[in-house]
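Work through the exercises below with the model open. Try each task before reading its solution.

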Amino acid sequence: MNNLLVLPLLIPLCTAILLLFLKNQVRLQRWISAIGVLLQIAVSCLLAIQVRAEGIQVLRMGGWMPPYGIVFVADMLAVLLVLTASVVSAFCLFYSFGTIGKERERYYFYPFFQFILVGINGSFLTGDLFNLFVCFEVMLISSYALIVLGGTKRQLRETLKYILINILSSTLFVAAVAYLYGVVGTLNMADLSVKIAEAGQSGILHVIALLFMIVFSLKAGLFLFFWLPGSYGAPPAAVTALFAALLTKVGIYALLRTFTLIFHTDLAITESWIKWMAIATMLLGAFGAVAYQDIRRIMNYNVVISVGFIALGLAVSSKASLDGAVFYLLHDMLSKALLFILGGLIIQASGTASLQHMGGLIKRYPLMGWLFFLATLAIAGIPPFSGFTGKLLLLQGGLQKGEYLLTVVALASSLIVLYSLIRIFMAAFWGEEKRELKQMPLLSSKLLLPAVGLSVFVIGMGLGSEVVYGWVSVAGDTLLHPSTYIDAVLKE
């Protein structure tokens, strides 16, 4: 057993509890929060190195063997996601120092920030469905607080919608877990995989599988994304960047884990549903990205498109497509955080989110402009940036399996992504400098440091894609061959 597995949950949990007692000491809260996320990065790196060297790591709480005890499992997919989430959360935290505002800082922004990391890391590392539900709820309750913190009318409206949708999805989640336990008699993921394979995935198990698909699709924004554009546009940029980079990715992870491990014996129906949902998500997201003049809306619909793109990998379920899904998932976490941080700075610098009322920012903020252009190229998948390798693998997998419609839609959506973000770049940074802009004070150059740091990661992931793929390929192998995961968890 490896006790390190509990640290990605324990570090933010202890940090959050400590911060609750420091309400009015904002500077101390910042330091403690920063130390907490840096410790998470260090532990995540150590776990990733251990998994690469020694294979899947397992922690059986209390020494209880599955399926009776609580199990945490760190395979390569989980540790890569935990590591990337830790890096992204660190940069979002540093960005929040200069933008979130003293009032939100005093009203428990930093504790909720840490609590949401507990839920995210726990979701990636847990080995059973009930604890996945618990970690989802920790994450969601924290996200409710972060969305509404500030109390503007728009935040209250969108929070109500967001809470109602997630209450519905959580109710369906509990029902699906209860039905599955009633049929199979276990909730441990590895044990479920074995018993469902023995029983045969038919009848009621097909219905339960579809119920899980609905639940996780709601949480990921796969086709059922109607709540996302409004909800992600309400909170401050630092919160939106964290949500766009991480929250939908937890839902995508749950889909990947569920349908490559638990319900993997008969994917004819589920793969068909996921395929058409991915196509619809990319198309509808593309329509939304070109329909609006509001930067927030355009970026939010780009999140939707990326969810559909990653779902392509699960719909095809070949070695190339699963590797591509993992690679693109990691890239998207970094690049979406970068995009939303820069989007927030553009709105702050120009005093508006409307493309029609901004322009000429390149004269005042040349570095910001070229960083946004870099993020655009990366998200569109232009080589040598990080998005290229993941998209290439996903498209390769689609062509190899003969999924030509899915591949064509994915390619078309990539062009729409490029067009929509170039439109922001041209409208915000070029053209005549607005009269109102000349009267606005310059933003501090320190606010750009998190964007610079994320840009280094995005460029490094692209230039070092061969090295990154060596790690990603291990994660793809585990998804393609679930027996590796099962043996690691169930062996004595």
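The radius of gyration is taken over C-alpha atoms, and the globule rule is 2.2 Å times the number of residues to the power 0.38. The model is predicted.

**Exercise 1. Overall form**

Find which radius of gyration the globule rule gives for the chain, and set the chain's own value against it.

Solution.
- Step 1: Start from the length, 492 residues; a compact globule would then have a radius of gyration near 23 Å.
- Step 2: The chain has 22 Å, which agrees with the rule.
- Step 3: Add the box: the C-alpha atoms fill roughly 70 × 55 × 40 Å along the principal axes.

**Exercise 2. Packing**

State what share of the residues counts as buried, and what share of contacts links residues 24 or more positions apart.

Solution.
- Step 1: List the elements: the chain has 22 helices and two strands.
- Step 2: Take buried as under 20% relative accessible area. Of the 492 residues, 63% count as buried.
- Step 3: Take the contacts with a separation of 6 or more; 83% of them join residues 24 or more positions apart.
- Step 4: Turn to the surface. About 18,000 Å² is accessible, and 68% of this belongs to carbon and sulfur atoms.

**Exercise 3. The largest cavity**

Determine which element gives the most to the lining of the largest cavity.

Solution.
- Step 1: Count the cavities of 30 Å³ or more: there are four.
- Step 2: Pick the largest, with a volume of about 70 Å³.
- Step 3: Read its lining, which includes Phe136, Tyr162, Leu218, Lys219 and Trp227.
- Step 4: Assign elements. α6 (129–148), α7 (153–184), α9 (204–220) and α11 (237–262) each give two or more residues.
- Step 5: α6 gives the most, with three residues.
- Step 6: Sort the lining by class: eight nonpolar, two polar and one charged.

Conventions:
Residues are numbered from 1 along each chain as its sequence is written. This is a predicted model: local features need pLDDT of at least 70, side-chain atom pairs count only at pLDDT 80 or more; totals for chains, interfaces and linings use all residues. Side-chain values use heavy atoms; hydrogens and water are left out. On a 1 Å grid over the protein atoms alone, a cavity is a set of points where a 1.4 Å probe fits but cannot get out, and a pocket is an open set with protein on both sides within 12 Å along at least five of seven lines; lining residues have an atom within 4 Å of a point. Grid points are joined across faces, edges and corners, and a volume is the space filled by probe spheres set on the points. Helices (H or I, at least four residues) and strands (E, at least two) are DSSP runs, numbered from the N terminus. Ala, Val, Leu, Ile, Met, Phe, Trp, Tyr, Cys and Pro count as nonpolar, Asp, Glu, Lys and Arg as charged, and the others, Gly among them, as polar. Buried means under 20% relative accessible area, exposed over 50%, partly exposed in between (1.4 Å probe, protein chains only). Contact means heavy atoms within 4.5 Å. Accessible areas come from the Shrake-Rupley method with a 1.4 Å probe; for residues, only the protein chains shown count as cover.
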